[in-house]
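Please look over the sequence and the model below before reading on. The report that follows deals with the nonpolar core and its aromatic residues.

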Amino acid sequence: MFDKTKLKRVIENYKQDFYPYLWEKGYDEEQFKWIAVKTFQKHWDINAENFPSMLESALSDTKGLLDIGMKYPRSMITGFAGDDAERVRAMFLDLFDESRDIVERISAFKHNSEELLKLYGNGAKNHYQDENTITTYMTKYDRRHDTASSGSCHDGCGHGRDSALPQLSSYKSTSK
């Protein structure tokens, strides 16, 4: 049963003092995601005159989300923006167009990245614009596409695996 009282308490705690509460309690391993979102939203301007510079600023705090290990999606997309700003701008416009099917938008972004890699990749074998990276961009633009883990959501709300919050097992797979 869904407990509206618990949910209301979680929302009120979130509104009042969510970030400091999490960090005081030792839940700071997800802090970088919140910082990345704030930085992206602060700098994002699809109509920026200098789109490559704006994109670089918007993605500047994505450590742990982009360009980790041997993957360089941030470096590749900002490099592509430097080579063809209008095409990359159009890719993001299309990606953030909620009137279109999400699968089509992600596929189009990947396809355009493949084309840019052929044109400007200087022999690189991968553009690194995979589903995880693309949905990370979407998260920064619109919080409905969240990258936070369900465990950190539950733990950070101070409820552990509280039944007031949705459980991963309550979602059915849509893959065929």
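Which residues does phenylalanine 92 touch, not counting residues up to four places away in sequence? Phenylalanine 92 touches Trp44, Ile46, Phe51, Leu55, Ile77, Phe109 and Tyr137, where contact means heavy atoms within 4.5 Å.

This is a predicted model, in which local features need pLDDT of at least 70 and side-chain atom pairs count only at pLDDT 80 or more, while totals for chains, interfaces and linings use all residues. Residues are numbered from 1 along each chain as its sequence is written, and side-chain values use heavy atoms, with hydrogens and water left out.

The largest nonpolar core (a set of buried Ala, Val, Leu, Ile, Met, Phe, Trp, Tyr and Cys residues joined through side-chain atoms within 4.5 Å) has 30 residues, of which Trp44, Phe51, Leu55, Ile77, Val88, Phe92 and Leu95 touch the most other members. At least two residues of this core come from each of helix 2 (31–43), helix 3 (51–58), helix 4 (73–83), helix 5 (85–95), helix 6 (102–120) and helix 7 (131–141), the helices being DSSP runs (H or I, at least four residues) numbered from the N terminus. Helix 5 gives the most to this core, with five residues.

Rings of Phe, Tyr and Trp (its six-membered ring) pair if their centres lie within 6.5 Å, and planes under 30 degrees apart count as stacked, over 60 as edge-to-face and the rest as tilted. By this rule there are 10 aromatic pairs, including the two in the table.

| Aromatic pair | Centre to centre | Angle between planes | Class |
|---|---|---|---|
| Phe40 and Trp44 | 4.8 Å | 15° | stacked |
| Phe51 and Phe92 | 6.5 Å | 50° | tilted |

The second of these pairs links distant parts of the chain, since phenylalanine 51 lies in helix 3 and phenylalanine 92 in helix 5, 41 residues apart. Phenylalanine 51 and phenylalanine 92 are both buried, a term that stands for under 20% relative accessible area, with exposed set at over 50% and partly exposed in between (1.4 Å probe, protein chains only). Phenylalanine 40 is buried at a relative accessible area of 1%, and tryptophan 44 is buried at 15%. One aromatic cluster is formed by Phe40, Trp44, Phe51, Phe92, Phe96, Phe109 and Tyr137.

Isoleucine 77, placed in helix 4, is buried with a relative accessible area of 0%. Leaving aside neighbours within four places in sequence, isoleucine 77 is in contact with Leu55, Leu59, Val88, Met91, Phe92, Phe109, Gln129 and Tyr137. Of these partners, leucine 59 is 18 residues from isoleucine 77 in sequence and 10.0 Å from it in space, C-alpha to C-alpha.
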